[in-house]
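Work through the exercises below with the sequence and the model at hand. Each task is followed by a stepwise solution.

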Amino acid sequence: MKPFKLAARENKDKDTIIEIPAPAGTVRIGQGYCTVIAGPCAVENREDYLSVACALRKYGVHILRGGIFKPRTSPYSFRGLGKEGLAIMVEARQITGLPVVTEIMDVRDLDLLYDQVDILQVGSRNMQNYTLLDQLGQVDKPVLLKRGLSATIEEWLLAAEYILSGGNDQVILCERGIRTFEPYTRNTVDIGAVPLIKHLSHLPIIVDPSHATGRWKMVIPVAKAAVAAGADGIIVEVHQEPDRALSDGKQSLTLDHFQQMYEQVVKLAALENKNI
Ligand code: PEP
Ligand code: MN
């Protein structure tokens, strides 16, 4: 038996499909679907977030992203708007009808976020925060579990196991690149992780081509590669004006580039017999 008992494919006949109810309709993540999550790295202010959210909704995005508690390498960088950002996200959810995902960095924020957001994201830096994972196992809310900065596939699936073994079976895995010796890209994207996870586990897996590369010019081809490799979706950073983004502008798509990417992803999803 595999060390990740509940996450293992042998444990379940069917692939896990996560259902996310929202005002504009239920969104699904898992086998048979290609789900597109998009938005800026961080919620920066009300006007920008609402306008990017409405534009993305028009293009066909299924779920909105936006960080409000940001894990930053330097304590002097923009670390998110916190509660004020959450109120803006909630407003975007009401206006667009789309579900929202944001990162939870601290178990003490669980009550605050639980009622207001549709998916809780565990960031790469917290993939092995076992206290946080234990707490997320106790709630009935989907968790987007990013692969740790240098995590092996087994460590990642064991992190998922923490959540599953607590009783929460709604885990979505997210490949976001791993740290290697290569300095030209922010991370090295592991596309092979997609078919490997499909082989090992029944859990859905999506890819984050933005953090995986760190360069907006690589985002479209890597997003396409992810869908072609069988990913259940993608999560992409988009900003109206990447040059003035408070975080991750270099890897953010403009709305025009996002639209180009979306059109190509729709074609690939059709080839893979997936609903989009
Ligand atoms: C993010 O999605 O904004 C983020 C910080 O990602 P990661 O945890 O993968 O670095
Ligand atoms: Mn980011």
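The exercises cover a metal site, the cysteines, a ligand site, the nonpolar cores and one helix.

The model is predicted, so local features need pLDDT of at least 70 and side-chain atom pairs count only at pLDDT 80 or more, while totals for chains, interfaces and linings use all residues. Residues are numbered from 1 along each chain as its sequence is written, chains are lettered from A and ligands numbered from 1 in the order in which they are written, and side-chain values use heavy atoms, without hydrogens and water.

**Exercise 1.** Identify the protein donors of the manganese ion (ligand 2) and their spacing in sequence.

Step 1. Donors are N, O and S atoms within 2.8 Å of the metal (3.2 Å for Na, K and Ca); water is not among the atoms, so sites may look incomplete.
Step 2. Cys41 (SG), His211 (NE2), Glu237 (OE) and Asp248 (OD) qualify, at 2.0 to 2.4 Å from the ion.
Step 3. The spacing of these donor residues reads C-x169-H-x25-E-x10-D.
Step 4. Glu237 belongs to strand β10 (residues 233–237), and Asp248, 11 residues away, to the loop between β10 and α9 (255–271). Helices (H or I, at least four residues) and strands (E, at least two) are DSSP runs, numbered from the N terminus.

**Exercise 2.** Count the disulfides and explain why Cys174 forms no such bond.

Step 1. A disulfide needs two cysteine sulfur atoms within 2.5 Å.
Step 2. The count is zero.
Step 3. Cys174 is unpaired because the closest cysteine sulfur, that of Cys41, is 13 Å from its own.
Step 4. Cys174 has a relative accessible area of 0% and is buried; Cys41, at 4%, is buried too. Buried means under 20% relative accessible area, exposed over 50%, partly exposed in between (1.4 Å probe, protein chains only).

**Exercise 3.** Which side chains have a polar atom 2.9 Å or 3.0 Å from an oxygen atom of ligand 1?

Step 1. A polar contact with the ligand is a pair of N or O atoms within 3.5 Å.
Step 2. Gln121 gives the 2.9 Å distance, and Arg125 the 3.0 Å one.
Step 3. For Arg176, a side-chain N or O atom is 2.7 Å from a ligand 1 oxygen.

**Exercise 4.** Find the buried residues of helix α6 (residues 193–200) and some of what covers them.

Step 1. Ala193, Val194, Ile197, Lys198 and Leu200 are buried.
Step 2. Their cover, judged by contact (heavy atoms within 4.5 Å), includes α5 (153–165), β8 (171–175) and β9 (205–207).

**Exercise 5.** Which members of the largest nonpolar core touch the most others?

Step 1. Such a core is a set of buried Ala, Val, Leu, Ile, Met, Phe, Trp, Tyr and Cys residues joined through side-chain atoms within 4.5 Å.
Step 2. Among its 71 residues, the answer is Leu145, Leu173 and Phe258.
Step 3. Another core, of 13 residues, lies apart from it and includes Val27 and Cys174.

Definitions and conventions. Polar contact = N/O pair within 3.5 Å; in protein donor to acceptor, adjacent residues only side chain to side chain.
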